[in-house]
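Hi,

Here is the structure I promised to pass on. Have a look at it first, and then read my notes below.

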Amino acid sequence: MISFHVSLQSRLLCAAATAWHALKAEPCLTILDQRRQLGKRRWRGGPLCHPLQPYEERWRRQSCEVSDVSRAEGTESFPGEDPKQVAVRQWSPAEDPPPRPVIGQSAKNKHPKEPGENKIRPVNKKVKPKGPKMKERESADSSSKSQSILMQVMEKGRFQKLAATLSLSAGQSIELRCKGSNVTWSYPSYLDTFKDSRLSLKQLDRYGQLILTNSTAADTGEYSCWLQLCNGNKCRKDETKMGSTYIFFTDKEELFVPTPSYFEIVYLNPDKPAVIPCRVTTPSAKVTLHREFPAEEIETDGTNIIYDVKKGFVYQHPTSDHKGIVYCKAESQGAPQISIKYHLLYVEVPKGPPSTTIMASSNRAEVSDGIHVICTVLGEPDVDVNFSWQYPGQESERPVIIQNFWRLINRGTGHTTRISKSVLVIEDFEARDAGNYICIAQNLQGETTVATEVELN
C-alpha cells in the first residue's frame, strides 16, 4: 500500500477545490489513477492537486470524494482516514477562504521547497498601453517644432532656461547663450545705434554668446536668438530652433524706459493699431494715460485701448478723435513719474503703390542752363519711399546732383500726410542731356514709374 505524506495546508486547498468541483457534478479521478497517470515522473508528495498546477486542471483531475456534510461545512475526509480527525483540518471560509480559481494565472506555491527542486514563479507580463505613448509622442513632436535654445549663465557655471520675462536690477551684468554654430541675435536697437561697448557678441564652436555689462534701465527690451540655415550665400531663419525673453532692468529712478528724444510722433491709421511706446522698467508699476489739453486721464477699457507692459498703450481702432498730445504717468512705491510727450496724428491715405508725379523746371533748355526735375510722392506719414532715376547722360556718367527729403503736412481736416520728394539737378545743360527723365518711386506696396522730356532749345 502506498502511503502519501500530505501537508495540512495543501490538503485543505485540495479539499476546497474538490468540494467546489463536486458541486458541479464533474467526474473525479482516484488518487491511484492520478498516480498511474504520472508514470515515471517523480512525485514528491503532497496532494496531487498541486498548488502549482492551474486551477482548471485541478478541477478536472480531482481524486477526492466529498460527503454531503463536508460540502456544507467545508470539510473533507481522505480515503483511509478517520472522519473524527476531520475536525482537526476543518477550515472556515470567513477566516481562511480557499483561493478562487483565476483563469490564466498560476497559484502561489504553498508546499516547502525541497533541495534540488526548481521554484516556479509566475511572471505577470505588463503590457504598456499604446494610447498614452502616442499622446506623449505627439506632444514631443509639437514641442520639437519650436525648441528653445536660449539659456542664461548663472553662478558657478550653472545654466537656466529663460521664461517669457526676466527681471534684473539695473547695474547687473548678464550672459546669454544660444546653442548652435551659426547664431543670430536680436536686442534693443539703440545698443547698435550708439555702438555700446557694454555689449559683446561672440560665436563659438557650439554656441553663440551675448554679454551685457553694467546694465541700465534703457537696456529693457526683447532679447532673442535663432539659428541660421545657410546654403551658399543664401541664409534663412530656422523657425524650429530659437529663443526669446523680455528683460526688465528695474530702476526706481527710471520707471519709464529712457528714449533719446523728448517728443515723439505717433501716427493713427484707421486700419491698424497704434502704439504709444511708454514702456516701464518695473512690470508691477501702475501706468495711466493722460491728455495734455484738455487735461484729463484717458480711460483704458481693455478693449479699444489696452496697456501692454512690453509695448505701451495700444489703440486697437484709432479714430480722428484720438489725435492730440498725450503722456503717461507711472507709480511704484514712490512719487509718480511722467513720460515724454507723444503727438498723435491721424492719417487717412489709401494704401498702395506710391502716388507719384514728375515735373521739370523747364521742358526746353538752352546750353549751359540749369535744370531741375522733381519727383513727388504723396503717402502715409510712416511709410518710407525709395527713389531711383534714369536720365540721358547716365551711360556716359554725366555728373548730376540728386537730393531726397520729406515732410509732413496737415490737410486742415485733422488728417496728416507725408510728402516725399526727389530732385535731380543739372547745373549746365548740354546737348547730351536732352531726352527722357524717368523717376521710379517704390514703397512696401509696390512701385510707380513716371517720366518727363526735356528738349534742347
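Let me start with one residue: Asn386 sits in strand 22, which covers residues 386-390. (Strands here are DSSP runs of E, at least two residues long, and helices are runs of H or I of at least four, both numbered from the N terminus.) Asn386 counts as exposed because its relative accessible area is 52%; the cut-offs are over 50% for exposed, under 20% for buried and partly exposed in between, with a 1.4 Å probe and protein chains only. Apart from neighbours within four places in sequence, Asn386 touches Ile440, Ala441 and Gln442, where a contact means heavy atoms within 4.5 Å. Ile440 is 54 residues away from Asn386 along the chain, yet their C-alpha atoms are 8.2 Å apart.

Before going further, some ground rules. This is a predicted model, so to speak with conditions: local features need pLDDT of at least 70 and side-chain atom pairs count only at pLDDT 80 or more, while totals for chains, interfaces and linings use all residues. Residues are numbered from 1 along each chain as its sequence is written, and side-chain values use heavy atoms, with hydrogens and water left out.

Now the overall picture. The chain has six helices and 26 strands. Of its 457 residues, 37% are buried. If you take contacts between residues at least 6 apart in sequence, 68% of them join residues at least 24 apart. The exposed area is about 28700 Å², with 50% of it coming from carbon and sulfur atoms (Shrake-Rupley method, 1.4 Å probe; for residues, only the protein chains shown count as cover).

One sheet to look at: four strands make an open sheet with mixed pairing, in the order 3-9-8-5. (Two strands pair if DSSP finds at least two bridges between them.) Strand 3 (165-169) and strand 5 (183-186) are the edges; each has a single partner strand, so one side of each has no neighbour in the sheet. From one strand to the next, the twist averages 30°, using axes fitted as lines to C-alpha atoms and angles from 0 to 180 degrees between N-to-C directions. Strand 3 runs parallel to strand 9 (residues 234-250), with five bridges between them, and Thr165 lies opposite Tyr246 of strand 9.

Lastly, Phe263 belongs to strand 10 (residues 263-268). Phe263 is partly exposed, because its relative accessible area is 40%.

Cheers
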